[in-house]
Amino acid sequence: MDSRDFSIHSDIKNVKIYDDFWNSITELVRKEVIPYQYLALSDKIDGAEKSYCIENFKKAALLKNDKAREKYPVDKWEYTDDNCPKESFHGWVFQDSDAYKWIEAVGYSLINHPDDELKRKAKEYIDIICDAQLDNGYLDTLYIINDNDKAFTNLRDHHELYCFGHLVEGAISFFRATGDRKLLDTACRFADLICDTFGENKIKGYPGHEIAELALFKLYKATGRKEYLKAAEFFINERGKRPYYFDIERNSHSIGENYHYNQAHREPRYQTDAVGHAVRGVYLYSAMADISKETNDDELNSACHSIWDNITEKKLYITGGIGSTVDGEAFSYDYDLPNDLAYCESCASIGLIFFAQRMSEAEINSQYGDVIERALYNTVLSGMAEDGKAFFYVNPLEVLPEASHRDSRKRHIKPVRQKWFSCACCPPNLARLLSSLNEYIYTENDNTIFVNQYLGSRLESKHCQLNLKSQYLENGNISIKIDNCNRPFNLALRIPQWCDNFSISKEYQIKNGYAFIQINVDCDISIDFEIKPRLVKCSNRVRSNVDRAAVMRGPMVYCLEEKDNGSDLQMLVIDKNTDFKTVGEYILAKGKRELPDSNLYSNYMESEYNNCTLKFIPYYRWGNRGENEMSVYVRI
């Protein structure tokens, strides 16, 4: 078997999730998050920052054919009541994308749970959106409202192609759910305009914020129209060539410009490190993985592997977070993973999951499923409150509320989740990912079903019907029932990176981190992954965590909170030889607390300690009990 044997994710309509833990999350998204975000996009949540999103589409529809209307500047990233007229565009330049991501989440939700009222609300938004489109297919409310003559003149900063990308993804999701083509046709008209505008002997530009590449590829797969594939390839191949397009559109030189921020410092096929804005990066890398697989582009494939290795071996937090610095919301240098300054944007971990999924479909290797699992159970889940009505944009690994309020270097660190954000990319991104979890459990090719994530679920495959019952988080036990086996095939079970001991009831062979089992008839298979708390250390090249360790159990990272352990968490030390005790979702461990020293400086002497019990909670649950200190890493 070639490790690069391709597979594809199972159709979301053929996978149903029956999992106590994950059903509670997806039901929260369906019943609380999606309706809450509907109100947020309509500016109907008291005390929350205004979105202006739907209001902008309504304005655009009214103004698009008014030739005599006043024009307004398009020279800012954010347009507020304080810096622009009431009649002009409001919000961030990418505000349109929030509605598109919400519609994408709705589409996935409708596939899993038909809901006539939710479909009606989505179609109401779709009508408003489509009414704003210009006759030539252009659709971006900033330019339609303020000055359409400036369209496509600031690709670096103004996100038209980024918004287009989310339009496409929302349109495809809603079409798959309902068969309604209205938004899909709108997206195709905009895509046709992009194909007519960009390319050889046309505008040789590319997006400042990537995702159009990924979306054009999806649109090609959904419609079969190769011009969309060619446009995606063009954007990737043109990126980073000199002279830099972003200089050309400004009639300037790149002295002092940071093209690493946009991953435009060199052509993507020659990039080796993850650099710049983390969300932009993983969206680009995801498209590169798609296109390298589709076109057998070995150079792009090699670049994807180099970048992947750089992320996972030198720039990945234990929680699955990426983008360690607030400066540019960006990847930093190798092994720079500070805990109390970490950015770890929710969107970045979601984009990492997209990248990992595409790598897993292009190459059989369990490491991709391991990274999806790490990000999903930790940073992604941390991004949303237990009631689904507050969100983290930033997901740090250490929090001191006083520092968040008083230290300007840490103002991006919020000690509690926020109702909404004027820059609200993360909440709808969470909703669309969690509503589409069905797509991340299984992949298939002609002779193999790969079990990549252990969510209780049923798969209707061309090979068989597969029912998976999961006690993965409780005790590591999995049972699989194969029914209606109509042909011999391989069942490949991912062996989680965290698991040192496991047993499988059938004969198996390990290849690339998967246990392969030959299936010829209906059968039952039981799997037992030994799951127990453990201490995990960082490389000593990560300066923040020398002589510190984190507690994990299975895929979940745990943390200390002040509510359970008192203030000054830096005083706590865990006993390296402790016998962990698991009580429900909590983990108890023996430790000690260093007694405080009121002298700022003194001659060195051994510290004094009192024995204590440390109480750890799952990282994703932190911050749900009000402001308090939190730390993932503890002294050892």
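# Notebook: contacts, crossings and backbone oddities

I began with Val451 and listed its contacts beyond four places in sequence: Ile441, Tyr442, Leu468, Leu491, Ala492, Leu493, Arg494 and Tyr514. The model is a predicted one, and I read every entry here in that light. Val451 sits in strand S7, residues 448-451. I looked up its relative accessibility, which is 0%, so Val451 counts as buried. One of its contacts is Leu491. I checked that pair along the chain and in space: the two residues are 40 apart in sequence, and their C-alpha atoms are 7.6 Å apart.

**Whole chain**

I then stepped back to the protein chain. I counted 17 helices and 24 strands in it. Its radius of gyration is 25 Å, against 26 Å from the globule rule for 636 residues; the two are close, so the chain is as compact as a globular protein of that length. The C-alpha trace spans about 75 × 70 × 50 Å along its principal axes. Of the 636 residues, 60% are buried. I also looked at how far contacts reach in sequence. Taking contacts between residues at least 6 apart, 70% join residues at least 24 apart.

**Helix H16**

Next I asked how many residues of H16 are buried. The helix covers residues 426-434, and nine of its nine residues are buried, so I noted H16 as mostly covered. The buried residues are Cys426, Pro427, Pro428, Asn429, Leu430, Ala431, Arg432, Leu433 and Leu434. Arg432 and Asn429 are on that list along with the leucines. Which helices cover them? I found that the cover includes H1 (20-41), H3, H6, H11 (278-295), H13 (346-362) and H14 (366-382).

**H11 against H13**

Two of the helices that cover H16 are H11 and H13, and I looked up how they pack on each other. Their axes come within 8 Å and cross at roughly 15°. An angle under 35 degrees counts as roughly parallel, so H11 is roughly parallel to H13. The crossing is left-handed. On the H11 side I listed Ala278, Val279, Val282, Tyr283, Tyr285, Ser286, Ala289, Asp290 and Lys293. On the H13 side the contact is made by Cys347, Ala348, Gly351, Leu352, Phe354, Phe355, Arg358, Met359, Glu361 and Ala362. I sorted the residues of this contact into 13 nonpolar, two polar and four charged.

**H2 against H4**

I took H2 (residues 53-63) and H4 (residues 116-131) as another pair. Their axes come within 7 Å and cross at roughly 45°. That angle makes H2 oblique to H4. The crossing of H2 and H4 is left-handed. From H2, the residues in the contact are Ile54, Phe57, Lys58 and Ala61; from H4, they are Tyr125, Ile128, Ile129 and Asp131. I recorded six nonpolar, no polar and two charged residues in this contact. An α-helix has 3.6 residues a turn, so residues three or four places apart point the same way.

**Ser97 and Ala403**

H3 is another of the helices that cover H16, and I picked Ser97 from H3, residues 96-112. Is Ser97 buried or exposed? Its relative accessible area is 0%, so I put Ser97 down as buried. Beyond four places in sequence, Ser97 is in contact with Tyr162, Cys163 and His166.

I also looked up Ala403 in H15, residues 401-406. Ala403 has a relative accessible area of 12% and is buried. I checked it against Asp340, 63 residues away along the chain, and the C-alpha atoms are separated by 9.4 Å.

**Backbone exceptions**

Most residues other than glycine have a negative phi, and most peptide bonds are trans. I noted three places that depart from this.

The peptide bond from Arg242 to Pro243 is cis, with omega near 0°. Pro243 is in the loop between H9 (226-238) and H10 (245-248).

His159 has a positive phi, near 65°. It lies in the loop between H5 (141-146) and H6 (160-178). His159 counts as buried, at 4% relative accessibility.

Asn512 also has a positive phi, near 55°. I placed Asn512 in the loop between strand S13 (509-511) and strand S14 (514-519). With a relative accessible area of 33%, Asn512 is partly exposed, whereas His159 is buried.

Technical notes
Residues numbered from 1 in each chain as written. Predicted model: local features only at pLDDT ≥ 70, side-chain atom pairs only at ≥ 80, totals over all residues. Heavy atoms only, no water. Helix = DSSP H or I, 4+ residues; strand = E, 2+ residues; numbered from the N terminus. Buried < 20%, exposed > 50% of the residue type's maximum accessible area, 1.4 Å probe, protein only. Contact = heavy atoms within 4.5 Å. Axes fitted to C-alpha atoms, helices over the stretch in contact; angles between N-to-C directions. Parallel < 35°, antiparallel > 145°, perpendicular 65-115°, else oblique. Left-handed = near helix turned anticlockwise from the far one by under 90°. Nonpolar A, V, L, I, M, F, W, Y, C, P; charged D, E, K, R; others polar. Rg over C-alpha atoms; globule rule 2.2 N^0.38 Å.
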